[in-house]
Amino acid sequence: MTIGSNSTPSAHPAFTPVRQQTIESLGIQVEQYRHRATGAMHYHLAADYAENVFLVALRTVPQDSTGVAHILEHTALCGSERYPVRDPFFMMLRRSLNTFMNAFTSSDWTAYPFASQNRKDFKNLLDVYLDAVFFSRLDPLDFAQEGHRVEFAEPDNPDSDLVFKGVVFNEMKGAMSSITSVLWSELCEQLFPTTTYHYNSGGDPAHIPDLTYPQLVAFYRSHYHPSNAIFMTFGDIPALEHQRVFEERALGRFQALHETIRVPAERRLTTPLRIQRPYAYDEKGPTARKTHLVMGWLLGESTDLEQLLEAQLLSSVLLDNSSSPLQQALETTSLGQAPSPLCGLEDGMREMVFCCGIEGSDPERVEELEALVLGVLETVAAEGVSHDRLEAVLHQLELHQREISGDSYPFGLHLILQALGCATHYSDPIGVLDLDPVIARLREQIQDPDYIRHLTRRLLLDNPHRVTLVLAPDTTLSKQRAEQEAARLAAIKAGMNAADRAAVIAQAQQLAERQQQVDDESILPKVELSDVPASLPELAFREQRHGKLLTTTYGQGTNGLVYQQAIAALPAMAAEELKRLPLYTQMLTELGLGAGGYLEAQHRQAATVGAINAFTSMRGAIDDEQAIGGYFVLSSKALLRNAEQQAQLMHDTLQAARFDETARIRELVSQQRARRDQSITGNGHGLAMAAACAGMSPLARLNHELSGLSGIRSLRRLDDSLADAGALQEFAHSLEALHAGIKSSPSQLLVVAERHKVEDVAARAAAIWATDAPARAAAAFALSPCRERRGEFWVANTQVNFCARAYPTVPVQHPDAAALTVLGGFLRNGFLHRAIREQGGAYGGGASQDSSIAAFRFYSYRDPRLARTLADFDAAVNWMLDAAHEYRALEEAILGVIGSLDKPSSPAGEAKQHFHNRLFGRSHEQREQFREQVLGVSLEDLRRVTAEYLRPELASTAVVSNSSQLAATAALREELGLSLQELD
């Protein structure tokens with residue numbers, strides 16, 4: 001199909017074309033179809049992309065917090081009519097070359113998306129997904145495994161205590177350990193007193209056990225029907241081909257469901273509310289300045305494009321950056337430590353929510369916080385904001401409209417998810433993709449100086465549907481909840497007769513047998529190694545010198561955006577300088593430039609670029625993990641028309657950053673501390689792996705010390721110390737000294753832009769940088785060698801555990817690196833998924849080789865167990881060495897590695913990745929050689945590297961848990977030599 005043509009697209013006879021619209025700024029043509037029999041909508045985003053995307057979404061509107069929609073999302077993927085195997089979703093993960101494969105439960109929809117570049121693979125996945133969604137078996141044992149069940153602590157001993165088990169049950173215990181999740185859940189409960197958003201769609205652990213199997217089946221029958229479904233596709237496969245499969249595999253067996261599932265508008269509050277709720281605080285020390293204060297407003301319909309863009313405009317005007325009036329007030333107030341993580345606009349529900357607030361406060365400061373926020377809003381309503389600031393906000397909207405993303409989600413899936421909300425609420429999803437006309441109208445409206453004033457008053461000040469939430473720490477709440485859960489279980493047990501107890505034991509035995517059964521995987525479609533492309537295409541680039549400045553350019557299809565990076569080799573650094581490095585890079589783009597303060601710099605950034613940030617990139621050598629190279633990178637993106645101003649901003653940032661704004665530096669440290677504290681429950685497995693690997697190489701040690709748990713502890717201590725003015729001044733001087741060494745290092749430029757523009761952009765940028773004095777030679781960056789065993793037990797504010805074990809291995813150039821990389825997937829697929837997730841109840845678990853630090857890691861995520869998970873890591877090694885294995889399992893593990901190696905990124909992302917690979921000696925030839933080695937791995941290779949590298953005497957262990965586990969793990973900690981580590 002030619003994008004932009006006016007011809008009517010071909011449709012399957014079962015579908016009626018509704019309309020089509022070309023969106024030139026995205027290079028897509030959106031086609032809308034209606035299924036004649038069921039009314040199901042199909043939106044096809046026709047584009048010249050080989051990475052095709054599919055998503056089917058169901059409107060799911062639970063009326064309680066049992067997590068029925070979430071548990072159904074899990075259970076639906078556990079076997080279907082045509083694929084009656086126990087775990088087709090995870091089986092297909094390893095039988096596929098997918099570039100994305102998952103399932104999501106939102107507050108009002110459940111979606112099943114995947115993406116693939118391989119047509120055969122796409123067809124395979126489409127067959128499995130359609131059958132899973134519309135013809136799921138919903139086995140009661142899968143409900144027990146994925147949702148919840150009771151078992152005896154000793155499964156065959158009815159005299160032992162009862163315990164709750166279940167993947168979602170433990171997942172949500174981990175999720176609700178996150179303060180951000182608790183804040184949002186509590187706020188929605190008050191903002192939405194009557195609709196589905198009142199409830200926790202993921203499930204509240206206190207209510208998940210209330211859900212019964214018949215209720216799950218009833219929800220499936222009422223919600224998982226084509227009449228309630230939205231089909232969305234993206235890519236170069238025509239809509240007709242998709243529809244043929246939809247009809248043959250699913251839709252042809254259904255008639256219309258006459259009940260319409262929708263979310264009604266919320267009943268509006270007539271006066272603002274103020275609510276106080278507790279959250280579990282299990283760390284040592286005082287609870288002063290640990291309270292969260294948040295204000296939330298219910299706004300208009302997210303499906304009304306004008307209302308949506310107005311709300312986005314106002315939210316950006318108030319909170320976009322540190323120079324925005326409300327953001328500035330929240331960052332600089334003494335009422336709290338940092339702005340709340342909830343600050344901003346949530347537009348994913350039928351009606352939008354605007355939030356702002358602070359963390360690190362106290363309950364008695366709530367009136368002052370309300371006065372502060374309302375005072376800022378009154379000022380904006382009375383005085384407005386300058387026209388150039390409004391233009392800067394529209395500039396950001398325009399840039400984000402044009403950017404081709406794809407570095408985390410596939411680009412097509414990003415667009416589909418952007419449109420899904422409107423489709424869910426029976427509104428137009430095409431308009432939200434084509435923002436250019438709305439931005440043009442907004443640009444006209446902001447010419448009126450009263451526009452933003454009236455908007456502030458109408459949406460916020462005169463809006464009584466407002467809730468102020470005080471979330472205060474409670475050091476006894478975890479104990480209370482544990483006691484309530486124990487009492488509930490005791491009551492269940494007390495009410496059991498002999499038959500009930502026998503049924504619990506029987507279910508545990510049946511589930512264990514089911515988890516051990518070997519299914520006939522041959523009924524599932526698959527790709528084979530013969531379907532893997534022989535090689536990867538090489539990206540074209542050009543290197544040239546402008547004076548002493550080396551410039552590398554990539555001509556890529558960036559849709560009118562320019563990406564620039566300034567790169568400097570890191571100089572030699574003392575230990576104290578290394579500790580400052582993450583804070584330095586985080587602060588560099590947040591400070592003033594030259595004679596201007598940070599507020600002026602923030603506004604300049606918003607008007608010039610879409611983003612500007614600094615970071616360091618370090619890797620071990622391809623043949624020696626002890627030899628570390630490191631670079632400083634200043635990176636930004638901008639519209640083509642701003643490319644020269646972009647380069648000037650980057651130059652000024654590196655050459656004229658000022659470190660005398662000590663109050664600003666103090667705020668930034670506090671904000672960074674708050675963000676890092678919040679990361680623990682969401683990334684506990686990564687932090688545990690970093691701790692376990694800290695002895696493997698100098699880079700692994702530095703990762704743990706800077707960005708791991710050790711780094712979080714150091715950051716807390718630094719933040720506390722900066723209350724002293726002298727310490728703050730000394731810290732600012734140390735950042736300035738670090739900056740002086742980095743900005744004087746030899747530099748080079750990377751420029752990514754459209755092919756016909758990139759050389760001109762690079763020449764103009766190079767001319768700006770050429771005005772600098774020649775760089776001074778500096779001693780090369782290096783880290784001291786490191787290889788030692790480690791053992792740590794970290795106490796954190798979490799209801800679940802994160803376990804890790806690591807072994808020293810080899811860097812990527814070593815002949816064994818490929819086998820170790822394949823081994824990670826082999827162990828996950830064949831042993832760890834069953835043992836840790838299905839049997840153990842953790843949300844996730846696996847193993848992987850990290851050749852950059854020469855370490856092989858095991859991990860578990862949101863895990864109710866601890867000692868038995870560590871034992872399962874050992875059992876996985878023994879299984880690899882002692883059990884008989886099939887070639888099929890090896891092929892699946894190899895496919896998984898190839899899929900990750902071949903996964904596409906955005907055009908700019910691929911160029912940047914290619915450049916940085918070459919920077920560290922990872923040439924295209926080297927990566928092709930590694931890919932060939934992966935394809936050649938044998939079962940004997942896996943056994944050999946397991947025996948050689950995964951030896952007990954080499955293992956390092958780390959656990960992230962909570963204080964309630966200390967007594968129960970005392971013997972284990974002594975046995976494994978785990979030192980007790982606390983964050984304070």
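## Reading a mixed sheet and one of its buried residues

Tutor: In this predicted model, six strands make up an open sheet with mixed pairing, and their order across the sheet is S25-S26-S24-S27-S23-S28.

Student: Which strands are the edge strands?

Tutor: The edges are strand S25 (844-850) and strand S28 (979-982), each of which pairs on one side only. Direction ignored, neighbouring strands of this sheet are turned by 15° against each other on average.

Student: How should I read the pairing of S23 with S28, and how many bridges join them?

Tutor: As a general idea, strands of a sheet pair through backbone hydrogen bonds, in either a parallel or an antiparallel manner. Here strand S23 (residues 791-795) and S28 run parallel and are joined by four bridges, and Glu-792 stands opposite Ser-979 in S28.

Student: Which helix packs on the sheet, and which strands does that helix touch?

Tutor: Helix H22 (residues 684-693) packs there, touching S23, strand S24 (802-808), S26 and strand S27 (956-961), while the direction of the helix makes about 35° with that of S24.

Student: Turning to a single residue, is Ser-860 buried or exposed?

Tutor: A residue counts as buried when its relative accessible area is under 20%. Ser-860, found in strand S26 (residues 855-861), has 0% relative accessibility and therefore counts as buried.

Student: What is Ser-860 in contact with, leaving aside its neighbours within four places in sequence?

Tutor: With those neighbours left aside, the contacts of Ser-860 include His-685, Phe-802, Cys-803, Gly-844 and Phe-873. In addition, the side chains of Ser-860 and Asp-863 are joined by a polar contact of 2.9 Å.

Notes:
Residues are numbered from 1 along each chain as its sequence is written. This is a predicted model: local features need pLDDT of at least 70, side-chain atom pairs count only at pLDDT 80 or more; totals for chains, interfaces and linings use all residues. Side-chain values use heavy atoms; hydrogens and water are left out. Helices (H or I, at least four residues) and strands (E, at least two) are DSSP runs, numbered from the N terminus. Buried means under 20% relative accessible area, exposed over 50%, partly exposed in between (1.4 Å probe, protein chains only). A polar contact is a pair of N or O atoms within 3.5 Å; within protein, one must be able to donate a hydrogen and the other to accept it, and residues adjacent in sequence count only if both atoms are side-chain atoms. Contact means heavy atoms within 4.5 Å. Two strands pair if DSSP finds at least two bridges between them. Axes are lines fitted to C-alpha atoms, for helices over the stretch in contact, and angles run from 0 to 180 degrees between N-to-C directions.
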